[in-house]
Amino acid sequence: MIEARHLRVLRAVATTGSFSAAGRELGCTQPAVSQQMKALESSVGTPLLVRSGREMRLTQAGEALVRHASGILAGLTAAEEEVAAIAGLRAGRVRLVSFPSGSSTLVPTALAALRAAHPGTRVSLEEAEPPKSVELLREGDCDLALAFRYESAAVAEEWDDLVVRPLLTDRLVALVPERHRLGRAESVAIGELAREPWIAGCPRCRGQLVEVCESAGFTPRIDFATDDYPAVVGLVGAGLGVAVLPQLAVESVRPRGVRTVALEPAVRRQIVALALPDLAQVPAVAATLEQLARAAGRQ
């Protein structure tokens, strides 16, 4: 019989590459990891790991078991949470992953309302941009992911295996220094900024910026790149360039010394909450989804 605790150990070993690193991740000793791996190999009747000096690799059987482990563990988590709710424990745990501008705008409002309605529900928050956040969800390392995708993206993300809860549509805006020639304009075509130095955002937003600019007939000269939205705003405010950010990101900082101008034609991204089908039925996850939708409705 394969035990869930053994699968968690196998997945940790496969991810970290060693017994000692897996032990640190799981909060146990290296001998304990070794012992549990031996028990798992005994249960399945075949080696799962090949050790060569300091290196360790999965056998074909080990690869197959790791491939199935995430789905099995997610299913077990869903079962445990739902049974606990049915039994009337009035407790729940939700591991939420969100991109930064969602963390500072939608998430606080949603979690405050969730705590007021369900004080026994605990929510942990980790930040990651998609597609990393979606990868964490599929691997069973979170229960709920706040993500986004651009409407004009050449290749749409494959979310067919997930529950997708649309939250809001977020429009991109141009950021220019306060005294910029276009600072008083109501809207601007991105081609009008072709000769400007640019400050780019996160890698995914950077790719979207280049794509939009190239569709307008130019390649942006990116002088600065940073994942930190306040830094983007600060650089624009200092007159070092222009930028394009989602409106939600602008709302998450104090845009001093800059002007926001609408882009024409409009560039939008869809903000969604994602969950595995099994986990979406867990009461604590469903309640968090509902509060995120309500918070988005207030934006």
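A cavity is a set of grid points where a 1.4 Å probe fits but cannot get out, and its lining residues have an atom within 4 Å of a point. With that in hand, the enclosed space of this predicted model can be described. A search of the whole structure finds 1 cavity of 30 Å³ or more, and the largest cavity has a volume of about 90 Å³.

Which helix gives the most to the lining of this cavity? That helix is α7, with 4 residues. Helix α7 spans residues 203–215, and strand β10, at residues 243–246, likewise supplies at least two residues of the lining. The full set of lining residues begins with Tyr150, Leu172 and Ile190, continues through Cys205, Gln208, Leu209 and Val212, and is completed by Val244, Leu245, Pro246, Leu263 and Val267. In chemical terms, 11 of the lining residues are nonpolar and 1 is polar, while no charged residues are found there. Gln208 is among the residues that line the cavity, and it is the polar one, because Gln falls outside both the nonpolar and the charged classes.

Attention can now turn from the cavity to open space. The largest pocket has a volume of about 500 Å³. It is lined by 19 residues, of which Arg11, Ser70, Glu139, Gly140 and Asp141 are the closest to its centre. Four elements, namely α1, α2 (19–26), α4 (60–86) and β3 (92–98), give two or more residues each to this lining. The largest share comes from α4, with 7 residues. As for the chemistry of the pocket, its lining divides into 9 charged, 6 nonpolar and 4 polar residues. The lining of the cavity, by contrast, has no charged residues.

Helix α1, one of the elements that line the pocket, also packs against another helix. Helix α1 (residues 4–16) and helix α3 (residues 30–44) meet at an angle of about 115°, and their axes are 9 Å apart. The angle therefore makes α1 roughly perpendicular to α3. The crossing in which α1 passes α3 is left-handed. On the α1 side, the residues in contact are Arg5, His6, Val9, Leu10 and Val13, and their partners in α3 are Val33, Gln36, Met37, Ala39 and Leu40. By class, this contact between α1 and α3 brings together 7 nonpolar, 2 polar and 1 charged residues. The charged residue is Arg5, since Arg counts as charged, and the polar pair consists of His6 in α1 and Gln36 in α3.

Methods:
Residues numbered from 1 in each chain as written. Predicted model: local features only at pLDDT ≥ 70, side-chain atom pairs only at ≥ 80, totals over all residues. Heavy atoms only, no water. Axes fitted to C-alpha atoms, helices over the stretch in contact; angles between N-to-C directions. Parallel < 35°, antiparallel > 145°, perpendicular 65-115°, else oblique. Left-handed = near helix turned anticlockwise from the far one by under 90°. Contact = heavy atoms within 4.5 Å. 1 Å grid on protein atoms, 1.4 Å probe; cavity = no way out; pocket = protein on both sides within 12 Å on 5 of 7 lines; lining within 4 Å. Points joined across faces, edges and corners; volume = space filled by probe spheres on them.
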